[in-house]
Amino acid sequence: MERRSRSRTGFRFILVIPWLIVASVYLFAAYVVAFLAWFAIVFTGRHPAGLYNFNSGVLRNLGRINAFLYLQTDEWPPFGFEEAPDYPIRVPIDPPLERYNRWKTGFRLILAFPVYFMLYLIATVYPIAAVAAWFHIVFTGRNAAGTHNVLSWGLAYQLRATAYLLLVTETLPPISEQQPVTSA
């Protein structure tokens, strides 16, 4: 794994505050947009393009901010919704479906119970792995492959779950599709 900035890592939780403020506003707006999209999908079977594009952009932004916060990269995340192909963390999002299952959308909150449970479990492991990664980077200048993999897996699941809850996808998020890093 590449060398990491010890000072940027040491003060990461202070440095990320502006991004967290922006992300919280975007995420609140995304849930309002998902609420509106829920009605559109339930009644028409289609996801309005503007609402879909907004929530897709929020997911991209959230992925970059969380990757920076949880020590996956030292590069400052952009504030925008664009794809940012030069940024080391990318969140690929498929285009909207032609037709959405109105029943799956209508009962999304009930169908998402396993997703909520997994997010709860991840939320208990994540802080431990983040603290371990923080200490490892501050003292050695590198992130251990094990903590990197745990954080990468958790970030990926969290983004897939958020995409499911924001109605960007109809597919329940898989537990693991991440390729682990083998060298430290």
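This is a short tutorial dialogue on reading a predicted protein model.

User: Before I start, what kind of model is this, and how are its residues numbered?

Analyst: It's a predicted model, in which local features need pLDDT of at least 70, side-chain atom pairs count only at pLDDT 80 or more, and totals for chains, interfaces and linings use all residues. Residues are numbered from 1 along each chain as its sequence is written, and side-chain values use heavy atoms, with hydrogens and water left out.

User: What is the mean pLDDT of the protein chain?

Analyst: pLDDT is the predictor's confidence in each residue, from 0 to 100. Here the chain averages 88, and 94% of its residues reach 70 or more. Among the elements, helix α3 (residues 17-44) has the highest mean, 95, and helix α1 (residues 6-10) the lowest, 82.

User: How do I read a helix such as α8?

Analyst: Helices are DSSP runs (H or I, at least four residues), numbered from the N terminus. The expected span is 1.5 Å times one less than the number of residues. Helix α8 covers residues 145-165, which is 21 residues, and its first and last C-alpha atoms are 30 Å apart, close to the expected 30 Å. Just after α8, leucine 167 has a positive phi of about 65°.

User: Is α8 mostly covered or mostly open, and how many of its residues are buried?

Analyst: "Buried" means under 20% relative accessible area, "exposed" means over 50%, and "partly exposed" is in between (1.4 Å probe, protein chains only). In α8, 15 of the 21 residues are buried, so by that cut-off the helix is mostly covered.

User: Which residues make the nonpolar surface patch?

Analyst: Patch residues have over 30% relative accessible area and no salt bridge; nonpolar side chains (Val, Leu, Ile, Met, Phe, Trp, Tyr) are joined within 5 Å, and like charges within 9 Å. Here Phe28, Val32, Phe35, Leu36, Phe39 and Phe43 make a nonpolar patch of about 660 Å². Phenylalanine 28 lies in helix α3 and is exposed at 62% relative accessible area. As for the spacing, an α-helix has 3.6 residues a turn, so residues three or four places apart point the same way.

User: How many aromatic pairs are there?

Analyst: Rings of Phe, Tyr and Trp (its six-membered ring) pair if their centres lie within 6.5 Å; planes under 30 degrees apart count as stacked, over 60 as edge-to-face and the rest as tilted. The whole structure has 14 such pairs. One of them joins tryptophan 134 and phenylalanine 135, edge-to-face, with 5.0 Å between centres and 85° between planes. Phenylalanine 135 is partly exposed, at 43% relative accessibility. There's also an aromatic cluster of Trp19, Phe68, Trp76 and Phe79.

User: And how many salt bridges are there?

Analyst: A salt bridge is a side-chain nitrogen of Lys or Arg within 4 Å of a carboxyl oxygen of Asp or Glu. The count is two. In one, aspartate 74 meets arginine 12 at 2.6 Å, N to O. Aspartate 74 sits in the loop between α4 (49-69) and α5 (102-106) and arginine 12 in helix α2 (residues 12-15), so this pair ties together parts 62 residues apart in sequence. Aspartate 74 is buried at 11%, and arginine 12 is buried at 0%.

User: Where do arginine 46 and glutamate 98 lie?

Analyst: Their salt bridge has its closest N and O atoms 3.3 Å apart. Arginine 46 is in the loop between α3 and α4 and glutamate 98 in the loop between α4 and α5, 52 residues apart. Arginine 46 is partly exposed at 39%, while glutamate 98 is exposed at 60%.

Note on methods. Helix = DSSP H or I, 4+ residues; strand = E, 2+ residues; numbered from the N terminus. Areas by Shrake-Rupley, 256 points an atom, 1.4 Å probe, with all protein chains shown as cover.
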